[in-house]
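Hello,

Here is the structure I promised to pass on to you. Have a look at it first, and then read my notes below.

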Amino acid sequence: MSGHVGDLSPAQEEALRKLKASLSDVTLPENDDYFFLRWLRAVKFDVQRAEDRLRKHLEFRREFGADTILTDWSPPEVLVKYFPTGFFGEDRDGHPVYYDNVGNLDPRGLHRSSKLEDIVKLKVMQSEMWQAKFREFTEQKGRKIETITCVIDMENLSFHRHYYRPGINLFSELSGVLQRNYPERNHLILVVKAPRIFPALYNLVKHFIDENTRSKIVIFGANWKEELLQYISPDQLPQAYGGTRCEPDPMCTNFITVGGDIPPEYYMTNLTETSKEDMESVVVSRGSSYEREFTVELPETVIRWEFITSDHDISFGWYQKSGTKRRRFLPMTEMSEVVPMKRKNSHIIPESGSLLCSTAGIYVMKFDNSYSWTRSKEVFYSVKLLPPDTELSMPQMATEEDGTGEEEEFYECGDGGPEDRTVHNGDLRPHEGDPRPDDDPRPDDDPRPDEGDPRPDEGDPRPDEGDPRPDEG
């Protein structure tokens, strides 16, 4: 039995009766069998869990003002202009269609410009809009419409833009909010324009999506326009997706927000991306460097790092050892540079990035302070090794805030002599290895190297360690 109205087993009918009786003391936003069965299906007809969730949902509605949010609250301008979602048309079965242009979402910009509470309230508002759509469609069709078809547009999805911890945390938070408070609202989730890096990013977030929702996901291939037309007729589909609507506006932008990079003028100030309490720390003495080895046991492992310095910049990079033995002292000639050494203004901008390791081996992280003659640098860092996930099957699955516009870097280590490459929307291009920070005043043709530069980088002539003189002297 499917657990829907008209298709219930005796046990399911009994669970429905018990749930309705257990909630007779409260006022619910809906009160028909369709409503109660959605909550029961979400917890596999566990009556006690369904009751607990519904009572918590009522508290949630009071906290966020869900009953009046469509009239009493307006989202901040940045979310109205750059949160890439919208409603348009219906599918062939009569369900309203919701578009979510994930690829055009700017996770960093969103994180820097918006409060989490406002983003959650926006999703609550959209969910209440769904409720209004369902009532409208039910009246129009003369039958119960309680689910929506969602088109997920992955165009412009990339590691360097979307592989961002605060963005992934936000996805986890929003998924939890929707699944706990608006369960069983998806009819189908149709994924279009998925690039080759989609499986890796999907592996990071699929654990936040409940089993019922995952079972409704369909991922289209190269012929996505033809496949999409099997679910949505051309007269209900924007031109950009293979339909005939909204000429000469192929994206139907009066209904669907396209998204894109959020301009810096929307950024909030005084933000900090990384919590130092959750990181390891090391002091890199003046004129020296710090190296740490990590053993990668499986090819296609991703090394993920974040770091911040208390004061002043530091040079940072990654190497791969040519052998598999751990040796404390190894000449540079026996290591390959896989993430080019570059001075990072990590005291201003928390740094983060990722390295896709196509081969197993020993990888060495290096913080280099050899160019500083006067100051030690305290570094707070976090490194995680993310092994490849072999559970994902790509065929039919019926399945922090810094204040700049810099993007997280993603590197790929190639076979047989690593080549430094940065992924830009799926296009591999050589990574520029200029070791100087962008604001370095020296011209590009300046012959003086960064490493070993005799000039103090901070301009302070006093040694900071081992100097017997007090600072006041």
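**Helix α10 and its neighbours**

The buried residues of α10 pack against α8 (159-162), α9, β4 (186-192), α11 (211-214) and β5 (217-219). Please keep in mind as you read that this is a predicted model. Helix α10 itself spans residues 198-205 and is mostly covered, with 6 of its 8 residues buried. The buried ones are F198, P199, L201, Y202, N203 and V205.

**The largest pocket**

Helix α9, one of those neighbours of α10, also turns up in the largest pocket. The volume of this pocket is about 1,300 Å³. It is lined by 50 residues, and those closest to its centre are D100, I152, F171, S175 and I209. Which helix gives the largest share of the lining? That is α9 (residues 165-181), with 9 residues. Sorted by class, the lining of the largest pocket holds 29 nonpolar, 11 polar and 10 charged residues.

**The largest cavity**

There is also a cavity to look at. The largest cavity has a volume of about 80 Å³. Its lining is made up of P29, E30, F35, R38, W39, H57, R61, Q131, N181, Y182, P183 and R185. Two helices, α2 (33-42) and α3 (47-64), each bring at least two residues to this lining, and α2 gives the most, with 3 residues. By class, the lining of the largest cavity counts 5 nonpolar, 3 polar and 4 charged residues.

**E184 and its backbone**

E184 sits in the loop between α9 and β4. Its phi is near 55°, a positive value in a residue other than glycine. I point this out because most residues other than glycine have a negative phi. Is E184 buried or exposed? With a relative accessibility of 14%, E184 counts as buried, because buried means under 20%.

**The loop between α12 and β6**

This loop is worth a slow look. P248 is placed in the loop between α12 (224-228) and β6 (280-284), and the peptide bond that joins E247 to P248 is cis, with omega at about 5°. In general, most peptide bonds are trans.

C252 lies in the loop between α12 and β6 as well. Its phi is near 50°, which is again a positive value in a residue other than glycine. C252 is also one partner of a disulfide: its sulfur atom and that of C246 are 2.0 Å apart. The link between C246 and C252 is right-handed, with 110° about the S-S bond. How many disulfides does a search of the whole structure find? The search finds 1.

As for accessibility, C252 counts as buried, at 1%. Two other cysteines can be placed beside it here: C150 is buried with a relative accessible area of 6%, and C357 is buried with a relative accessible area of 0%.

**Two buried residues with polar contacts**

R112 is part of helix α6 (residues 107-113). You may wonder where its side chain finds a partner, and the answer is Y267: a polar contact of 3.4 Å joins the side chains of R112 and Y267. R112 has a relative accessible area of 1%, so it is buried, the cut-off being under 20%. The C-alpha atoms of R112 and Y266 are separated by 8.1 Å, although these two residues are 154 residues apart along the chain.

T309 belongs to strand β8 (residues 301-309). What does the side chain of T309 reach at 2.9 Å? It reaches the backbone oxygen of H312. Not counting residues up to four places away in sequence, T309 touches I314, S346, H347, E378 and V379. With 1% relative accessibility, T309 counts as buried.

**Where to begin**

If you would like a route through the model, you could begin at α10 and the elements its buried residues pack against, and then go on to α9 and the lining of the largest pocket. From there, the loop between α9 and β4 brings you to E184. The disulfide of C246 and C252 makes a good last stop.

Best wishes

Note on methods. Residues are numbered from 1 along each chain as its sequence is written. This is a predicted model: local features need pLDDT of at least 70, side-chain atom pairs count only at pLDDT 80 or more; totals for chains, interfaces and linings use all residues. Side-chain values use heavy atoms; hydrogens and water are left out. On a 1 Å grid over the protein atoms alone, a cavity is a set of points where a 1.4 Å probe fits but cannot get out, and a pocket is an open set with protein on both sides within 12 Å along at least five of seven lines; lining residues have an atom within 4 Å of a point. Grid points are joined across faces, edges and corners, and a volume is the space filled by probe spheres set on the points. Helices (H or I, at least four residues) and strands (E, at least two) are DSSP runs, numbered from the N terminus. Ala, Val, Leu, Ile, Met, Phe, Trp, Tyr, Cys and Pro count as nonpolar, Asp, Glu, Lys and Arg as charged, and the others, Gly among them, as polar. Buried means under 20% relative accessible area, exposed over 50%, partly exposed in between (1.4 Å probe, protein chains only). A polar contact is a pair of N or O atoms within 3.5 Å; within protein, one must be able to donate a hydrogen and the other to accept it, and residues adjacent in sequence count only if both atoms are side-chain atoms. A disulfide is a pair of cysteine sulfur atoms within 2.5 Å. Contact means heavy atoms within 4.5 Å.
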